[in-house]
Structures are given as structure tokens and as C-alpha cells.
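Work through the exercises below with the sequence and the 3D view side by side. Try each task before you read its solution.

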Amino acid sequence: MAKSGKGRRFIVSSIIFIAFLCTIASINELRFDHLLRFSRCALQLEDTLPTNASSEEIRVLLGILTLPDNYHRRHFLRLIYATQPVVAGAKVDVKFVFCNLTKEDQKVLIALEIMQYNDIIILNCKENMNNGKSYTYFSSLPDMLKEDPGSSGSSGGNYPPYHYVMKGDDDAYFRLGQLVQSLRVLPREDLYYGYTIPCNQMNPYGHYMSGMGYLISWDIVEWLRVSDIPKVHLEGPEDKVFGDWMEKGKKGKNRHNAKWSMYNYPEPPTQCTHELWPDTVAVHLLKTQEKWIRTLKYFNATQDLKPSKLYHMD
């Protein structure tokens, strides 16, 4: 009887121990299942949340005003800008801007350019420098960019399509990364940015920005589209006329003088020139191939060239 009692106690103890182990296993399985579900939920939530990069993205349009027949210059500038490093957290579109085509060869050759690069804006105007071309450029953009299926590199449904719009000359070299960095700390409304004229002035208020390249925020682009102020004052040096619009319309309350990150090429020396230096956004008056080459070499424009057995640069 004693042995039988001990056996029953052993069997009962074993059953209780096995039941305990099963309970622990069930609890762990339940915890793991909940943990798995939670992790899946967290991953799904992470996928739906906007990233910092997209929420902080700066969208800039650089329109280079040029002429339809300047094919060589456009191809050269495409090389310059297409090989610049991609700017993190920014989207910079470079477009070439001119007025209506007037010759048959232009209509063929420029159509081919558009098919290949889609980086051309043709304005509804007669080609000019100081009779409203810049106004037509800025004031046409809101309607041009309004859900245009052909506008490659456009807003993608964002509003505004660009936070900033810049007008640039085709004899200026813009360093897009430095441009974006200079904009990160600036307002996205009522901004007028550039190189203050006269050259010996540093205060951007009461003056205007050089035509080498000036930038405005999108709200001013919208204002130019509807305001009567520029429509009655189009003739004259385009950069000075633009500054007059800003003064009369009381626009550009936020002004940024980018001097001496923007400047004229150092030779011949004037009040508007500066030596090439690392803190550069734009270099202007690159009128010769030699000046372009010296500028590109200084800023090490070919630094990302990968080694290959197919070529050598000795």
C-alpha cells in the first residue's frame, strides 16, 4: 500500500508538472504571437508615415534664359548640371527658357531636344532681353505647371510645384548643392534672393538683385501672374525692372543678399568680381571656354569620374 501511494503521488506530480509546462508554453506562444502582430503593425505604420526627407524636401526650379539657336551652349550646360551630385532632401529642376520659335530648323531640332531631355520651356513671346521676357517666364509658370502631363520633373501633385523659382543667365555657373544649402534656413514665402546691385552695396533693401541669377518664392510667382504692376512697366534692364516691381508691390519683405557666394568671374577685376572660393553658389560672366574650364577645374567638377580601362586622362 505504501508503494502504491507513492506511485500515485508520483503520477499526480508528473501530470501537474506537465500541465505547468504546457501553460508556460502557451503563454510564451501567446506573447510571441502578440509581439509578431505588433511588429507587423509597427512596420505597416512606418510605411505609411512620411519620412523626414520628403517632409523637408526643397523644390527649386532654375530657369536659364537663353536663345533657341544656342544649341551648343545648352548641350554644354546639360553636361554641367547633370553631372553635379544629387542633393539630398531637395529637388532641383534645370530648364532652358526662350520665346517662340521662328525658323523651321528650330522647330525640328528643338522638338528633338524636348523628346530627348524634356528640359525646355517655350514662352509665348517675341525673343527679347529687356522687354518683358523675364516677366513672361515667371508669370506663365502657374498655368504651365498646373497638372501638365508633359512637364517632366514637375511637382508630382505637390503644392506649390516649386518652393522657389530662379532666373539665371546662360553664362553663369550655378552650384546646385550650395544653392540648396543656402535656402534651407530661409523663409519659403515673400523671399527675394540674389546678388545685390550696386556691387558695393550689401543691404538688399532699397536695391535690386543682379540678372546673373535671382530667386523668388512661389507666392511672388503667383503674384506676378495677377498683378498689374509689372504689366505697365516691362521695358528696361530686366533685373532693375524686376526690383522696381518688388518695391512698388511691397513684395520681397524677406531678402537675402548672396554676395559673396555669388559674384562675377575674377578677371578682369571690378567691384563685382571675387576670387573663386569654396563658398560659391554662382559664378557669372563665363564668356569664354577658358573661363569655364578654369572654373570647373577649381570646383573639381570631374571628381566623380570612375576609373576604367576604356579611357585614361593622363
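**Exercise 1. A salt bridge at partly exposed residues**

Task: Find out how open Glu267 is, and name the residue that its side chain meets in a salt bridge.

Solution. Start with Glu267. Its relative accessible area is 46%, so Glu267 is partly exposed. The scale has three classes: buried is under 20% relative accessible area, exposed is over 50%, and partly exposed is in between (1.4 Å probe, protein chains only). Areas are computed by the Shrake-Rupley method with a 1.4 Å probe, and for residues only the protein chains shown count as cover.

A word on the source: this is a predicted model, where local features need pLDDT of at least 70 and side-chain atom pairs count only at pLDDT 80 or more, while totals for chains, interfaces and linings use all residues. Residues are numbered from 1 along each chain as its sequence is written, and side-chain values use heavy atoms, with hydrogens and water left out.

Next, find the partner. The side chain of Glu267 meets that of Arg294 in a salt bridge, 3.3 Å from N to O. The rule for a salt bridge is a side-chain nitrogen of Lys or Arg within 4 Å of a carboxyl oxygen of Asp or Glu. Now place both residues. Glu267 is in the loop between E11 and E12 and Arg294 is in helix H9 (residues 289-298), so the pair ties together parts 27 residues apart in sequence. Helices (H or I, at least four residues) and strands (E, at least two) are DSSP runs, numbered from the N terminus. Last, check Arg294. Its relative accessibility is 34%, so Arg294 is partly exposed.

**Exercise 2. Salt bridges of helix H3**

Task: Which residue meets Arg78 in a salt bridge, and are the two buried or exposed?

Solution. Begin with the helix. H3 (residues 71-82) has 12 residues. From its first C-alpha to its last, H3 reaches 16 Å, close to the 16 Å expected at 1.5 Å a residue. The expected span is 1.5 Å times one less than the number of residues. The buried residues of H3 include Arg74, Phe76 and Arg78.

Now take Arg78. Its side chain meets Glu113 in a salt bridge, 2.8 Å from N to O. Arg78 lies in helix H3 and Glu113 in helix H4, so parts 35 residues apart in sequence are tied together. Both residues are buried.

Then try Arg73. Its salt-bridge partner is Asp170, at 3.9 Å from N to O. Asp170 lies in the loop between strand E4 (164-169) and E5, and Arg73 in helix H3, so this pair ties together parts 97 residues apart in sequence. Asp170 is buried, at 16% relative accessible area. Arg73 is partly exposed, at 22%. The whole structure has 19 salt bridges.

**Exercise 3. Two disulfides**

Task: How many disulfides does the structure hold, and which cysteines does each one join?

Solution. Count the links. There are two disulfides. A disulfide is a pair of cysteine sulfur atoms within 2.5 Å.

Take Cys99 and Cys125. Their S to S distance is 2.0 Å. The torsion about the S-S bond is about -85°, so this disulfide is left-handed. Cys99 is in the loop between strand E2 (90-98) and H4, and Cys125 is in the loop between strand E3 (120-122) and helix H5 (133-144). The two are 26 residues apart. Both are buried.

Now take Cys199 and Cys272. Their sulfur atoms are 1.5 Å apart. With 75° about the S-S bond, this link is right-handed. Both cysteines are buried.

Finish with the pattern. Counting bonded cysteines along the chain, it is 1-2, 3-4.

**Exercise 4. Strands and their partners**

Task: In what order do the three strands of the open sheet stand?

Solution. Read off the order: E5-E12-E11, with mixed pairing. Strand E5 (173-174) and E11 are the edges, each with a single partner strand, so one side of each has no neighbour in the sheet. Two strands pair if DSSP finds at least two bridges between them. E11 and E12 run parallel and are joined by three bridges. Asn264 stands opposite His284 in E12.

Compare another pair. Strand E1 (residues 58-65) and E2 pair in the parallel sense over eight bridges. The bridge partner of Val60 is Val92 in E2. Seven of the nine residues of E2 are buried, so E2 is largely enclosed by the rest of the structure.
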